[in-house]
Every structure is written in structure tokens, then in C-alpha cells.
Amino acid sequence: MTQHSPDTQKPPLVQITGVRKQFGKHEVLKGIDLTVHEGEVVALLGSSGSGKTTLLRCVNLLEEPTSGRIDIGGRPIFHTSDGVDHARLRASEIAAMRSRVGMVFQQFNLFPHMNVLANVMEGPRTVLKMDEKTSRESALDFLAKVGMADFADRMPSNLSGGQKQRVSIARALNMRPAVILFDEPTSALDPELVGEVLNTMIALAKEGMTMLVVTHELGFALEVASRVVFLDQGTIAAEGPPADVLLHPTNERVLSFVNRFHATAELMRPLLET
């Protein structure tokens with residue numbers, strides 16, 4: 001795949017500075033610094049418990065960091081240091097911020113009592129105050145984009161896991177976000193359904209959608225990501241171009257992680273031999 005070139009001339013869409021997160025006495029994030037530029041696909045990798053999902057959830061304040069700073073589009077949405085809150089958003093401001101930061105969850109999170117079309121329409125109607133006609137047309141456009149237009153009248157219970165996840169992506173896109181966060185979007189899927197979701201994400205990457213993706217799909221990270229960030233015990237252990245991090249790891253934790261995914265390692269072997 002020819003990767004879309006990120007725009008590094010503009011300020012980062014997401015700027016994470018010194019972010020820490022503590023649950024009780026357990027510090028999950030230990031001072032994370034990370035930037036995501038427009039057009040980048042950044043893959044967050046790491047073993048379970050490394051802090052990947054917690055970091056993702058901090059970006060749109062589903063989890064509030066213990067300290068540090070997070071800027072979205074150049075504006076601080078969280079900034080706490082030395083016990084002082086420097087940026088405290090009201091509920092309405094958080095809702096506005098989340099309309100710019102889409103989220104695709106591991107477990108889909110569709111409204112079970114609404115059909116596919118209503119699920120995709122709901123955000124623009126309630127948050128963006130979009131009128132019914134415009135919201136419907138927009139929802140149908142994005143359902144078509146992810147190959148789900150023919151399922152608009154279906155209830156979520158009548159969809160496969162891959163179809164549900166594609167609806168979730170359409171729902172996120174319909175908010176016109178500047179960046180989409182993906183939290184292990186294929187981990188709840190049967191293996192034969194993974195490809196349809198990854199293909200949808202690949203198409204978005206080709207169009208220049210900015211994405212921050214927590215994933216164990218090393219093939220996707222290698223071929224699609226513009227940058228790989230490997231978390232280990234709440235810190236960034238490795239960061240750089242996918243080929244450097246995944247094909248020629250210098251960090252023992254990264255090497256161990258890559259070797260555990262034998263199927264992907266086999267796919268990557270021809271590249272290692274060139």
C-alpha cells in the first residue's frame with residue numbers, strides 16, 4: 001500500500017505530553033509523550049496491560065489522566081500539573097471535542113434498539129443538531145462507504161461482528177471527526193471477518209484519515225501505519241517507521257511480542273530475507 005503522507009507542517013492534531021494515569025496505587029501510564037499529525041496512521045502496539053487502551057481512552061477523556069497535558073487541534077482539553085487544573089472543560093465542551101475525535105470500540109457499542117441507519121444518524125442529530133433529512137442522507141453516504149448501505153434497515157442483532165464494526169466506523173465517520181481512535185477493532189471478530197474491517201480501515205488510510213489504532217494486527221501495522229508506537233509497562237519502549245520497529249526490532253520486548261504472533265511472523269519472513 002502507498003501510505004498517505006502526513007502533514008507535519010501543521011501543528012499536531014493530537015499532542016500528548018507527560019501523561020500519567022494511576023488506578024489506586026497502580027500507575028498504568030508513566031509519562032507518555034506522543035504526537036499525531038494530520039494524515040498519520042499511528043499503530044499502538046504492546047502486550048496486554050501495557051497501557052494502550054488506557055492511553056486511547058485518555059485522548060477523548062473517557063478516562064481522565066492523573067496528570068499531564070492533552071491538546072486536540074492545538075487546544076488543551078486536559079492540563080494538570082502539581083495538582084493544579086489548568087484546563088477544565090465543561091460537559092458541553094467535552095461533547096464538542098468528542099465530535100472531532102471519533103471512537104471505534106472493540107465491542108461495537110451499537111444501540112441494540114435502533115436499526116443500522118438510526119445508529120449512524122444518532123450522533124449528528126443529537127450532538128451536531130443536524131436536521132433529519134441531512135442526517136439521513138449523510139448516514140446513507142457513510143454506510144455506502146463501508147459497504148453497509150443495503151443493511152440500513154437491519155437491527156444490530158441481525159448483523160455479523162464484522163458488519164457491526166463497519167457500522168461503528170460509519171457512525172464515527174458521520175460525525176466528521178478530525179481523527180478516529182480505534183480500540184482493537186478486530187479483536188472481538190471471528191478470523192474470517194477480520195479482513196472486511198481491515199479493508200475498510202485501509203481505504204480510510206488511503207484517503208488520508210488520521211487514525212490512532214490500538215491493534216494486534218501486525219500485518220496491518222506494517223503495511224498501513226505511518227508510525228508504530230510500542231508500549232511496555234506504561235512507557236514507550238520503541239517508536240518509529242513500521243519496518244524499523246517490527247522487522248528489525250532492537251528492543252527485546254518488541255522482539256518477544258513479534259515472535260508470539262507466529263502467523264504474522266510467517267507472512268513477514270519473506271521481507272526479512274530481502
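# Two sheets and their helices

In strand S11, the bridge partner of Val 228 is Gly 240. The model is predicted: local features need pLDDT of at least 70 and side-chain atom pairs count only at pLDDT 80 or more, while totals for chains, interfaces and linings use all residues. Residues are numbered from 1 along each chain as its sequence is written, and side-chain values use heavy atoms, with hydrogens and water left out.

Helices (H or I, at least four residues) and strands (E, at least two) are DSSP runs numbered from the N terminus. Two strands pair if DSSP finds at least two bridges between them. Strands of a sheet pair through backbone hydrogen bonds, either parallel or antiparallel.

**The six-stranded sheet.** An open sheet of 6 strands follows the order S7-S8-S9-S3-S10-S11, and its pairing is mixed. At its edges are S7 (101-104) and S11, each of which pairs on one side only. From one strand to the next, the twist averages 20°; axes are lines fitted to C-alpha atoms, for helices over the stretch in contact, and angles run from 0 to 180 degrees between N-to-C directions. S10 and S11 form a hairpin with 2 residues between them, and Gln 233 in the turn has a positive phi of about 50°. In S8, Phe 182 is the bridge partner of Val 104.

**The five-stranded sheet.** A further open sheet has 5 strands in the order S2-S1-S4-S5-S6, with antiparallel pairing. S2 (26-36) and S6 (84-87) stand at the edges with a single partner strand each, so one side of each is left without a neighbour in the sheet. Here the twist averages 15° from one strand to the next. Ile 72 stands opposite Arg 75 in S5.

The table lists strand pairs from the two sheets.

| Strand pair | Bridges | Direction |
|---|---|---|
| S10 (residues 227-232) and S11 (residues 235-240) | 5 bridges | antiparallel |
| S7 and S8 (residues 179-183) | 4 bridges | parallel |
| S4 (residues 67-72) and S5 (residues 75-81) | 5 bridges | antiparallel |

**The helices.** Helix H6 (residues 191-206) lies across S3 (41-45), S8 and S9 (210-214), running at about 145° to S9; contact means heavy atoms within 4.5 Å. In helix H9 (residues 252-260), Val 254, Phe 257 and Val 258 are buried, that is, under 20% relative accessible area (exposed being over 50% and partly exposed in between, with a 1.4 Å probe and protein chains only). Seen down the axis of H9, its buried residues fall within an arc of 95°, so they line one face of the helix; the arc is that of the directions from the helix axis to the C-beta atoms. Asn 251 caps the N-terminal end of H9, with a side-chain oxygen 2.7 Å from the backbone nitrogen of Arg 253.

Conventions:
Polar contact = N/O pair within 3.5 Å; in protein donor to acceptor, adjacent residues only side chain to side chain.
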